[in-house]
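Colleague: I'd like to go through this model with you and ask how you justify the words you use. Could you show it to me?

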Amino acid sequence: MCGIAGSVTLQDGRPPPSRELLLRMAGALRHRGPDELGIYRSRRAGLAHARLSIIDLACGQQPMANEDGTLWVVFNGEIFNYVELREELLERGHRFRTRSDTEVILHAFEEWGEGAFARFNGQFALALWDEKQEALTLARDRQGVLPLYHCEHEGRLGFASEVKALFAGEPSLPRAFDPVGLEETFTFWSVVPPQSVFLGISELRPGHVRTWLRDGTTRERPFWQPRYPEDGQGGFQGSLREATERVGAALQKATRLRMLRADVPVGSYLSGGLDSSLVATLGREALGERLHTFSLRFADAEYDETEYQRLMATRLGSEHREVVVTREDIARVFPEVVTHAERPLLRTAPAPLFLLSRLVREAGIKVVLTGEGADEMFAGYDLFREGKIRRFWARQPGSKLRPRLLERLYPYLSRSPVAQGAMARQFFGRHLADWRQPGFAHETRWQTTSALKRLFSPEQRQATEGLDVVARLLDTLPTDFPRWTHLAQDQYLEIRTLLSGYLLSSQGDRMLMAHSVEGRFPFLDTEVVELASTLPAPYKLRGLDEKHILKRAAEKLLPSSILRRKKQPYRAPDALCFVGDKPPEWVAEVLSESALRDAGVFEPGAVSRLWAKCRAQAHAPQFSNTDNMALVGVLSTQLLHRQLLRAAPSSALRTPKTLVERLGA
């Protein structure tokens, strides 16, 4: 893993990107790549690479070129099937100088062009500069594990792993929020690429490749898109037992690839739930020696899973480390968390993960396996169960018994939305007649989140007047979407709106790389994802039993206490962290009327009333879901404005280990 950045001159007659510009961009990414810095410059392009050394430590420096120096790459991530691809390319006559997966990318692009990206089983964000054609190609992995942004400004194209590198490289680049990005965030919890929250900056969509050509034209296309069987036909045809064996074998292979294809030690997160316990167990089997495991504990009992974490650590015989997180810890590190997340957050959940990745780095580990992606691929979220119950209810809307199934949802919430029967039936019973429509299962979440927009300023409201971001999203659904099962439709929308933009970004890559740690995700392996998408819906959601097939695949590997425990999604204390007896000074600063008016996103009076309400309830056991999201959303947006838009871009300059300059070429 690493950070990549670069600049390409789009107009003839302009000077090449300066060395100082590239050093500033790479310096802003030092946390992503503390081990080495590399730079390539030609008369039209500049590439920068901040390296975290994982594979081929001695010879994997970047930027890297092909044999004749006409094709250059900077690459963030891992290609886990690079060994097999290398053998295939050797048979086709290619010759290699290193053992790195980076060099495989170069030769694969020479051999197959843009078709190479569909052959990669990995997590990647990369840039290829063709010196002969004077063309830049950007590509991002299928699920969007790793970030990649781009923008055009004053005749230059800039790209980078993080927005802060774009700001550092081009000080004249306008630094402002994009009102549409904020509208999406306060609807979906995240932007949906190519939208970003920053004006004039786009995020490359997962599974896409985008090329800028010499003549000024640009093309973008998907090299992969999620697909599900149409009308329930054409998918996996075997029995549940056969499917269970296939899933188990695919996960075993995926975990083995991610555990063994590294030249540094690999550890594993251990939450105590099904997903991380299964990954850690498979990782321990592949490693064949003692495994390093890491867990989050909470001072608040409602969120703590210590009992199950320690049970699994003992069973694995791992070298286990824990970090205990308090509300005060979350409030203290939240400004740093927002700086690394580079987007407004509606939950504090990334903050404890920031502290966990610091623990990993302090233990001397650079790489960890995690269980992210299991809930999306194997239908683990309560949202999928909620959608199934509401559709079942909609077929007999007058039934008194069917809505009682809602009582089986959200057992882990102290203020569960189903706790009050009459209110739950009213809330979840809205728009039942639309049960066949796209987005039906997500509608309740989107409406609840959209209620936060009552805090928006008149200027923010006016900037998006007439814009319906839900309709805009639904207008871009695949043409075969209506022929998928309802569960497949719900999974697609969950992946499209939240997997990359929130789970893998705010809680994943950004918190890991804040401390120079690489995360690897076996459940997002190409073969695992493709297999999961073909499975019949009842194999994944059997009645209301979520991840049914995954539990069956884990039966011989995990203790029954892990398999049979009630699902407890990862959560953390939210707004209560900021309203204690001694809240951090930054809270009052970002909520001041002057700070709110400077940012221009929220109406100061509305925020003042929210803050007064929350402070009055400072000693309550829990806030409402809406107030939790509202206060965290305001605080994070204000911090983002102060730290990325108002503060001068920070960049730690250093001497490059690799420096290639061909300005006369």
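Colleague: Which residue in the turn of the E8 and E9 hairpin has a positive phi?

Modeller: That's glutamate 154, with a positive phi of about 50 degrees. There are 2 residues between the strands of that hairpin. Keep in mind that this is a predicted model.

Colleague: How do you know that E8 and E9 pair?

Modeller: Two strands need at least two bridges between them to count as paired. Strand E8 (residues 149–153) and E9 have 5 bridges, in the antiparallel sense, so by that cut-off they pair. One bridge partner to look up in E9 is glycine 158, which goes with cysteine 151.

Colleague: Which other strand is joined to E9 by 5 bridges?

Modeller: Strand E1 (residues 2–9), and it runs antiparallel to E9. Look at valine 8 there: its bridge partner in E9 is leucine 157.

Colleague: What makes you call E9 largely enclosed?

Modeller: Count its residues: 5 of the 5 in strand E9 (residues 156–160) are buried, so the rest of the structure largely encloses it. Arg156, Gly158 and Ala160 point one way, Leu157 and Phe159 the other way, and all are buried.

Colleague: Why are E4 and E12 said to stand at the edges of their sheet?

Modeller: Start with the order of this open sheet of 6 strands: E4-E5-E6-E7-E11-E12, with antiparallel pairing. Strand E4 (64–65) and strand E12 (218–222) each have a single partner strand, so one side of each is left without a neighbour in the sheet.

Colleague: What stands opposite tryptophan 129, and in which strand?

Modeller: Leucine 136, in E7. Strand E6 (residues 122–130) is joined to strand E7 (residues 135–140) by 6 bridges, and the two run antiparallel. You can keep walking across the sheet: leucine 136 has tryptophan 212 as its bridge partner in E11, and tryptophan 212 has threonine 218 as its bridge partner in E12. E7 and E11 are joined by 4 bridges, while E11 and E12 pair over 5.

Colleague: What makes E11 largely enclosed?

Modeller: In strand E11 (residues 208–212), 4 of the 5 residues are buried, so the rest of the structure largely encloses it. In its hairpin with E12, which has 5 residues between the strands, glycine 216 takes a positive phi near 95 degrees.

Colleague: Why is the pair of phenylalanine 298 and tyrosine 570 called tilted?

Modeller: Check the angle between the planes. Under 30 degrees would be stacked and over 60 edge-to-face, with the rest called tilted. Here the planes are at 35 degrees, so the pair is tilted. The ring centres are 6.3 Å apart, and the cut-off for a pair is within 6.5 Å. A search of the whole structure finds 24 aromatic pairs.

Colleague: What parts does this pair tie together?

Modeller: Phenylalanine 298 lies in strand E14 (residues 292–298), and tyrosine 570 in the loop between helix H22 (560–563) and helix H23 (585–590), so the pair ties together parts 272 residues apart in sequence.

Colleague: Are phenylalanine 298 and tyrosine 570 buried or exposed?

Modeller: Buried means under 20% relative accessible area, and exposed means over 50%. Phenylalanine 298 has 7%, so it is buried. Tyrosine 570 has 29%, so it counts as partly exposed.

Colleague: How do you know that threonine 464 is buried?

Modeller: Its relative accessibility is 7%, and the cut-off is under 20%, so threonine 464 counts as buried. You'll find threonine 464 in the loop between H15 and helix H16 (469–474). Leaving aside neighbours within four places in sequence, threonine 464 is in contact with Pro179, Val180 and Glu183.

Colleague: What does the side chain of threonine 464 reach?

Modeller: The backbone oxygen of glutamine 460, at 3.4 Å. A polar contact has to be within 3.5 Å.

Colleague: What makes you say that arginine 119 lies over the face of tryptophan 112?

Modeller: Arginine 119 is 3.8 Å from the ring centre. The cut-offs are within 6 Å of the centre and within 35 degrees of the ring normal. Arginine 402 has its charged end over the ring of phenylalanine 392, 3.7 Å from the centre.

Technical notes: Residues are numbered from 1 along each chain as its sequence is written. This is a predicted model: local features need pLDDT of at least 70, side-chain atom pairs count only at pLDDT 80 or more; totals for chains, interfaces and linings use all residues. Side-chain values use heavy atoms; hydrogens and water are left out. Rings of Phe, Tyr and Trp (its six-membered ring) pair if their centres lie within 6.5 Å; planes under 30 degrees apart count as stacked, over 60 as edge-to-face and the rest as tilted. Buried means under 20% relative accessible area, exposed over 50%, partly exposed in between (1.4 Å probe, protein chains only). A polar contact is a pair of N or O atoms within 3.5 Å; within protein, one must be able to donate a hydrogen and the other to accept it, and residues adjacent in sequence count only if both atoms are side-chain atoms. Contact means heavy atoms within 4.5 Å.
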